[in-house]
Amino acid sequence: MHISLLLMNQIIQLFIMIFMGFIIVKAKLLKAEDSKILSVIVLYLIIPCVIINAFQVDYTPQTVKGLLIALVGSVMTQVIVVSILGRVFHLNEVEVASIYYSNSGNLIVPIVTFILGKEWVLYGCVFMSVQLVFIWTHCKKIISRESTYDWRKIVLNINMISIAIGIVLFLTRIHLPAIINNTLSAVGSMIGPASMIVTGMLFAGMDFKQIFANKRVYFVSFFRLIIVPVIALFLIKCSQLSTFSSNGNKLMMIVFLAIITPSASTVTQMCQVYGNDSQYASAINVVTTLLAIVTMPLMVMLFQITI
């Protein structure tokens, strides 16, 4: 129950941030389309800072083992979920991306910090890094409606480069100077507020009646918040990954916490950058965030009962 209450607290904070973005537009200080600039800053500056900073931890055998377990769990759940749902339902690009990709990039750091402690954030960033690989390959392809992958652009993407830098620094046991590391941490801490303000700004330019009357939004939300987590929990249970380490339960809970978050605000930002339906993506993000106040605590309770 304690974890469920902490989750509610975090999600309510997100809604306050969304409301701030909403007010900025409604007060006519900015226009809804101005949020595109902030989206670019989140995608190409803030997220890379989060990734590199997360890998600035001490190299120990226990840490490496935990990272490998978290990596296997993250890859397993994301690959299988995408494969299963992708073949069963006929969805448009925004719906596919909103169901597949969780808002772990914005939520996993604060949630893990509050629930388990800062020393566990690294393992949450493993899931986030794996998801970033999928986002800049599969998600970017469908949102931009590109027919093929441009591997050169993918490999040279700042987020992918950041993952590589973080891993190299960790494996070589190189710690960045305190002033650089503190700067990365400070910039990275903006990820939640900046992403939610973007969502709020877009939301302010929408027709509320049209959003909440759209049954497809609830259909997508159901799959994002219920079906995907249940499939992931089944995979975690069957894989027995939680038994591979004395901290196995915590590691799998971190993976599961990342999965049960609302739809990724990165989808909205990508829709803005690549000219897809950013308003629909933002509507799904807002509705799933609202419903997550109830679904996330329930899913955590189900995890604790099952694992």
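**Salt bridges, cysteines and pockets**

Lysine 140 counts as buried, with a relative accessibility of 10%. The model in which this residue is placed is a predicted one. The side chain of lysine 140 meets that of glutamate 146 in a salt bridge, with an N to O distance of 3.2 Å. Glutamate 146, at 30% relative accessibility, counts as partly exposed. This pair therefore joins a buried lysine 140 to a partly exposed glutamate 146.

Side chains of opposite charge can pair when their charged atoms come close. The structure holds three salt bridges, and the other pairs are taken in turn below. Arginine 145 bonds in this way with glutamate 93, and their closest N and O atoms are 3.1 Å apart. The two residues lie in distant parts of the chain, 52 residues apart: arginine 145 is in the loop between α6 and α7 (151-155), and glutamate 93 is in helix α4 (residues 93-100). Arginine 145 has a relative accessible area of 52% and is therefore exposed, since the cut-off for that class is over 50%. Glutamate 93, at 26%, is partly exposed.

Helix α4 also holds glutamate 95, whose side chain forms a salt bridge with that of arginine 216 at 2.8 Å, N to O. Here too distant parts of the chain are linked, because arginine 216 belongs to helix α12 (residues 215-239), 121 residues from glutamate 95. Which of these partners is buried, and which is partly exposed? Glutamate 95 counts as buried at 2% relative accessibility, whereas arginine 216 is partly exposed, with a relative accessible area of 34%.

The cysteines come next. The structure holds zero disulfides. Cysteine 49 is in no disulfide, and the nearest cysteine sulfur, that of cysteine 125, is 12 Å away. A disulfide requires the sulfur atoms to lie within 2.5 Å, so cysteine 49 and cysteine 125 do not qualify. Cysteine 49 counts as buried at 9% relative accessibility. Cysteine 125 is likewise in no disulfide and is buried, with a relative accessible area of 1%.

Attention now turns to empty space. Rolling a probe the size of a water molecule over the atoms shows where empty space is left. The largest pocket has a volume of about 870 Å³. Its lining consists of 40 residues, and Asn53, Val109, Thr113, Lys118 and Val121 are those that lie nearest the centre. Elements that give two or more residues to this lining are α1 (2-26), α2 (35-54), α3 (61-88), α5 (104-115), α6 (121-144), α9 (178-188) and α10 (191-204). Of the contributing elements, α5 gives the most, with six residues. By class, the lining of the largest pocket has 19 nonpolar, 18 polar and three charged residues.

The second largest pocket has a volume of about 330 Å³. It is lined by 15 residues, and Phe55, Leu67, Leu71, Val126 and Ile167 lie nearest its centre. Helices α3, α6 and α8 (158-171) each supply at least two residues of this lining. How do the residues of this lining divide into nonpolar, polar and charged, and what number falls in each class? There are 14 nonpolar residues, one polar residue and no charged residue in the lining of the second largest pocket. The lining of the largest pocket, by contrast, includes 18 polar and three charged residues. Helices α3 and α6 each give two or more residues to the lining of the largest pocket, and each supplies at least two to that of the second largest.

How values were computed
Residues numbered from 1 in each chain as written. Predicted model: local features only at pLDDT ≥ 70, side-chain atom pairs only at ≥ 80, totals over all residues. Heavy atoms only, no water. 1 Å grid on protein atoms, 1.4 Å probe; cavity = no way out; pocket = protein on both sides within 12 Å on 5 of 7 lines; lining within 4 Å. Points joined across faces, edges and corners; volume = space filled by probe spheres on them. Helix = DSSP H or I, 4+ residues; strand = E, 2+ residues; numbered from the N terminus. Nonpolar A, V, L, I, M, F, W, Y, C, P; charged D, E, K, R; others polar. Salt bridge = Lys/Arg side-chain N within 4 Å of Asp/Glu carboxyl O. Buried < 20%, exposed > 50% of the residue type's maximum accessible area, 1.4 Å probe, protein only.
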